[in-house]
Amino acid sequence: MKVAFAEPALPKSGTLVALCLEDRQLSPTARSVDEASGGLVGRAMASSRFQGKANEILAVALPAGVGPDGVLLVGLGKAAKVDELVAQAAGGTVLGALNRAGLAEAAVAVDGLAEVTLAAGALAAEMAFGARLASYRFDRYKTKEKKDAKPTLKKLSFGVAGAAAAKKIWARLDKVADGVFLTRDLVNEPANVIYPETLADRCKALTDLGVEVEILDERQMTKLGMGALLGVSQGSARPPRMIVMTWNGASGDGKDPIALVGKGVTFDTGGISLKPGAGMWDMKWDMAGAGAVVGAMAAIAGRKAKANVVGVVGAVENMPSGSAQRPGDIVRSMSGQTIEVLNTDAEGRLVLADAIWYTQQTFKPKLIVDLATLTGAIMIALGSENAGLFANDDALAETLTAAGKKVGEKVWRMPLSDAYDRMIDADQADMKNIAGERFAGATVGAQFIGRFVKDVPWAHLDVAGVVWSGKDAPTAPKGATGYGVRLLDRLVADMEG
Ligand code: BES
Ligand code: MN
Ligand code: ZN
């Protein structure tokens with residue numbers, strides 16, 4: 001879908017999209033169309049439920065002589081509440097309505113709405129961002145889709161005073177959307193297509209954006225002593241990979257990087273602690289933490305962030321087989337700490353243990369954020385509204401919480417403490433990978449990972465509840481949501497300078 005911005009001008013034909021605030025407060029453009037049509041827009045509103053509430057839509061055909069053939073009103077809700085997220089949702093809603101109408105292009109008039117504090121240029125760019133996010137489709141395996149089920153919209157033009165400002169914001173958001181799309185693609189792909197080697201191959205493409213990509217194979221990981229990660233991988237016919245992506249955008253050398261670490265379990269059967277069959281297909285998205293890290297690296301590099309960032313992904317497949325690790329096996333992690341693997345389905349923490357240790361040893365990062373679809377327990381606690389946030393540093397927790405609110409990828413802080421930590425003390429090794437009771441499951445997972453974090457600010461995001469959606473949303477069709485890209489991009493942006 002093409003997006004363009006130009007100074008305002010009433011189109012002479014086609015469909016005009018115009019804004020409306022709650023209580024049917026039309027934008028100046030909508031009002032002028034209403035007047036030119038002898039009050040048709042007002043009458044259409046009066047005979048409908050349309051109030052201008054956020055994401056409401058009303059299509060009105062216009063008589064000859066007005067200019068555009070029709071106007072599509074989109075509600076923004078209360079003026080005081082119009083922010084970036086409201087604008088994005090409106091853009092997504094508009095895209096859906098235009099596609100349902102079968103239109104190939106449309107012009108959006110973004111004009112001065114009293115009391116809206118978001119500048120017109122930003123409003124236009126954020127609407128474009130929302131529309132683009134909503135335009136995502138994962139349809140490459142649909143060979144028989146009817147033509148009228150396919151989206152029609154090819155071009156969305158925004159008329160906005162000071163189009164240059166909109167273009168500048170859009171240039172950045174467009175790159176973030178590229179990252180979100182990459183993540184959605186990686187997470188939507190089935191596990192016969194995306195497995196450690198192919199995930200690594202897709203990451204290699206980031207070199208085009210100026211990202212350095214290094215791939216460690218099984219031999220190198222064995223040499224480094226990554227017994228925790230390799231234990232998970234050993235039951236699979238697919239060899240593991242450690243994917244290391246470096247973006248050096250900060251001027252001057254020697255600036256410690258921000259480290260982003262992702263759980264990349266390309267399929268999680270549970271291993272010998274086998275999961276039940278029903279719903280097991282969901283475990284193709286057990287690499288969504290990794291997917292978010294890869295997409296964030298693409299966004300950060302794409303917009304040429306003035307920051308040093310390293311993205312590390314531990315990519316493995318967790319399978320049961322004659323070579324799989326057994327419950328009770330004791331493995332030695334890269335850190336030297338030993339682990340009793342009492343449940344082979346608590347594998348994400350084993351992968352992260354070595355990925356995080358490697359990241360610290362190699363890069364001396366100034367902070368670490370890991371993302372993992374780690375536990376079902378976090379889904380029970382927080383549902384799909386918030387990711388679970390665990391942190392050893394209040395400032396980092398607050399930064400992430402604020403960033404999440406700003407971009408609409410929310411996090412909710414959960415506790416860590418010594419008492420929880422003691423729950424994974426083991427009889428025959430330094431620790432065990434489960435507590436052996438159902439309580440505090442998400443925190444127990446976080447405590448385990450925390451044992452592999454040295455003296456550095458660290459946050460763990462348990463994203464199991466937020467990376468996949470069973471229903472369409474204004475800016476995301478169902479399936480992989482792309483969660484994490486906007487959040488991590490915002491975190492990096494907050495630290496730039
Ligand atoms: N990948 C799963 C967690 C998960 C479950 C993510 C459902 C998304 C949807 C993880 O590897 C896992 O199996 N966790 C176990 C841990 C338990 C064995 C301590 C869980 O949550 O049941
Ligand atoms: Mn598991
Ligand atoms: Zn898993």
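Is Glu347 buried or exposed? Glu347 counts as buried, because its relative accessibility is 1%; buried means under 20% relative accessible area, exposed over 50%, and partly exposed in between (1.4 Å probe, protein chains only).

A word on the ground rules. This is a predicted model, in which local features need pLDDT of at least 70 and side-chain atom pairs count only at pLDDT 80 or more, while totals for chains, interfaces and linings use all residues. Residues are numbered from 1 along each chain as its sequence is written, chains are lettered from A and ligands numbered from 1 in the order in which they are written, and side-chain values use heavy atoms, with hydrogens and water left out.

**The two metals**

Glu347 is one of the protein donors of the manganese ion (ligand 2) and also one of those of the zinc ion (ligand 3). Donors are N, O and S atoms within 2.8 Å of the metal (3.2 Å for Na, K and Ca); water is not among the atoms, so sites may look incomplete.

| Metal | Protein donors | Distance |
|---|---|---|
| manganese ion (ligand 2) | Asp268 (OD), Asp345 (O), Asp345 (OD), Glu347 (OE) | 2.0 to 2.2 Å |
| zinc ion (ligand 3) | Lys263 (NZ), Asp268 (OD), Asp286 (OD), Glu347 (OE) | 2.0 to 2.4 Å |

The two ions sit 3.2 Å apart, and Asp268 coordinates both. Around the manganese ion, the six donor atoms subtend angles of 72 to 167°, so the arrangement is irregular. Around the zinc ion, the angles of the six donor atoms run from 78 to 173°, which makes the arrangement octahedral; six donors count as octahedral if opposite donors are over 155 degrees apart and all others between 65 and 115, and an arrangement that fits no named class is irregular.

Among the donor residues, Lys263 and Asp286 are both buried, whereas Asp345 is partly exposed at 21% relative accessible area. Along the sequence, the manganese donors follow the spacing D-x76-D-x1-E, and the zinc donors follow K-x4-D-x17-D-x60-E.

**Ligand 1**

Asp286, Asp345 and Glu347 turn up again here: with Lys275 and Gly376 they come nearest among the 17 residues around ligand 1, where near means a heavy atom within 4 Å. By class, this shell holds six nonpolar, four polar and seven charged residues.

Backbone atoms also take part. A polar backbone atom of Gly376 is 2.7 Å from an oxygen atom of ligand 1. For Thr373, a backbone N or O atom lies 3.3 Å from a nitrogen atom of the ligand.

Definitions and conventions:
Polar contact = N/O pair within 3.5 Å; in protein donor to acceptor, adjacent residues only side chain to side chain. Nonpolar A, V, L, I, M, F, W, Y, C, P; charged D, E, K, R; others polar. Tetrahedral: all angles 85-135°; square planar, octahedral: opposite > 155°, others 65-115°.
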